[in-house]
Amino acid sequence: MKSNIYYLYFLLIITSSSYSQTTLSAGDIAITGVNTFTRSEFSFVLLAPIDSGTVIYFTDNGWQASGNFLLGEGIVEWTANSDLPCGTEVIVKDRRGPNPLEASIGNVVDLTNGWGFAGNGDQLLAYQGSIATPTFLYAIHFATTTGWTDATNQNTTALPSGLTDGVNAIHMVFDNNIYDCSVINGDPPAILAAVSTTTNWTGSDSTRLSMPTCSFVCGSCTSSVIWDGTSWSGTPDLTTGAIINANYNTSSGSFSCCELTVNSGFTLTVDSGTYVEVENDVTVDGSISVQSQGNFVQNDSGGTFTLNGTATVSKTTPIKADWFYYTYWSSPVSGETIGNVFSDVDGDRRF
């Protein structure tokens, strides 16, 4: 029996077995390297957090234009053995021994007892589901000049259904290929776009390459701008962090940012009719004051709000027309009581 629990960013399928499975979509992982020389090897990065027990399959079977696999090659099953965050990079190697595969993270099994890349053209297709009804996550086709055509032998493949070349699939002409780690910090779509760009890869037909260990960090800001009391050092937006290093009132301008820091000794005032929008984390060493009709929005439900200073919200309610009128206020809080929040309101007038 299965019960489905929906989250903001992904669907977890909880089964009656001993593990949970995170259901992924195209682009929720990206393949970051393949080697064919000496022993077969590949690496991939998670671009979404996953639960322990999540299974991802990798195969060098080609995909036919008719919508089926051309079988006869290998299938690798990788399983997460712990909860893993976005940005985790995994390397899978063929060890040529009694336990033929090993993974740097998680557990890996060769389901066909013979997985390995061909040296004159092959592919690696990542998917969830079954071999009959796969949901493709990412694909790389390499060591051929023909690109995505059709699976007519072990060296060829069509572009898997649901994937787009240059978006969540990539074609390379070398036997050995690795992503150059040129973009490792940022929102997952930015990382995915960089990994899926051929000019960000290094390839060789004569040299085995070292699998990348790029230390990916999802959601981090690409840069920061500072308010110094007179002007911003740049333009704050959802890709840049904002540092408040002097008093700032949004009557001078609402703004959005990737992360927000209010330094000690300074106050960020969110005036009525204005807003501050933060994509990820907030750190308040100084003060934040949100006025009655101001809006302070933190988009990521997983973002942290670290309060070392003070944060206050002022609300003005209109005069009531009669005794049975009421004002309804709501906000997420932690470790707070209604008595502390509305200490000046009569006990029989607050609920």
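Biologist: Where does Asp175 lie in this predicted model?
Modeller: The model is predicted. Strand E15 covers 169-171 and strand E16 covers 176-179. Asp175 lies in the loop between strand E15 and strand E16.

Biologist: Which side chain of opposite charge is nearest to Asp175, and how far away is it?
Modeller: Asp175 is buried, yet has no salt bridge. A salt bridge needs a nitrogen-to-oxygen distance within 4 Å. The nearest side chain of opposite charge is Arg208, 11 Å away.

Biologist: Which residues does Asp175 touch, leaving out those up to four places away in sequence?
Modeller: Among its contacts are Val34, Thr36 and Phe37. Asp175 also touches Gly119, Asn120 and Gly121. The rest of the list is Phe142, Ala143, Ser204 and Asp205.

Biologist: Where is the partner of Arg208, and how many residues apart in sequence are the parts tied together?
Modeller: Arg208 meets Glu41 in a salt bridge, 2.6 Å from N to O. Arg208 lies in the loop between strand E18 (201-204) and strand E19 (217-218), and Glu41 lies in strand E5, so the pair ties together parts that are 167 residues apart in sequence.

Biologist: Is Glu41 buried or exposed?
Modeller: Its partner Arg208 is partly exposed, with a relative accessible area of 28%. The cut-off for buried is under 20%. Glu41 has 6% relative accessibility, so Glu41 counts as buried.

Biologist: How many salt bridges does the structure hold?
Modeller: One joins Arg208 and Glu41. Another joins Arg349 and Asp348, at 3.6 Å from N to O. Arg349 is exposed at 58%, and Asp348 is partly exposed at 48%. The structure holds two salt bridges.

Biologist: Which residues touch the most other members of the largest nonpolar core?
Modeller: This core has 41 residues. Strands E4 (29-35), E5 (41-46), E6 (55-59) and E9 (75-79) are among the elements that each supply at least two residues, and so is helix H1 (188-195). Another core, of 19 residues, lies apart from it and includes Ala242 and Val278. In the largest core, the residues asked for are Ile29, Phe44, Ile56, Phe58 and Trp78.

Biologist: What is the angle between the planes of Phe44 and Trp78?
Modeller: A search of the whole structure finds 22 aromatic pairs. Phe44 and Trp78 form one that is edge-to-face, 5.3 Å centre to centre. Phe44 lies in strand E5 and Trp78 in strand E9, so the pair ties together parts 34 residues apart in sequence. The angle is 80 degrees.

Biologist: How far apart are the ring centres of Tyr127 and Phe136?
Modeller: Tyr127 is buried at 2% relative accessibility. Phe136 is buried too, at 4%. Their pair is edge-to-face, with 65 degrees between the planes. The centres are separated by 6.2 Å.

Biologist: Which residues form one aromatic cluster with Phe44 and Trp78?
Modeller: Phe44 and Trp78 are both buried. Their cluster also contains Phe42, Phe58, Trp115, Phe117 and Phe142.

Biologist: Which backbone nitrogens does the side chain of Asp228 reach?
Modeller: Asp228 is found in the loop between strand E20 (223-227) and strand E21 (240-244). Asp228 is partly exposed, at 47%. Its side chain reaches one backbone nitrogen at 2.8 Å and another at 2.9 Å. The first of these belongs to Thr230, the other to Ser231.

Biologist: What separation do the C-alpha atoms of Asp228 and Phe136 have?
Modeller: Asp228 and Phe136 are 92 residues apart along the chain. Their C-alpha atoms are separated by 48 Å.

Notes. Residues numbered from 1 in each chain as written. Predicted model: local features only at pLDDT ≥ 70, side-chain atom pairs only at ≥ 80, totals over all residues. Heavy atoms only, no water. Helix = DSSP H or I, 4+ residues; strand = E, 2+ residues; numbered from the N terminus. Buried < 20%, exposed > 50% of the residue type's maximum accessible area, 1.4 Å probe, protein only. Lys, Arg positive; Asp, Glu negative; His and termini not counted. Contact = heavy atoms within 4.5 Å. Core = buried A, V, L, I, M, F, W, Y, C linked by side-chain atoms within 4.5 Å. Phe/Tyr/Trp six-rings, centres within 6.5 Å; stacked < 30°, edge-to-face > 60°. Polar contact = N/O pair within 3.5 Å; in protein donor to acceptor, adjacent residues only side chain to side chain.
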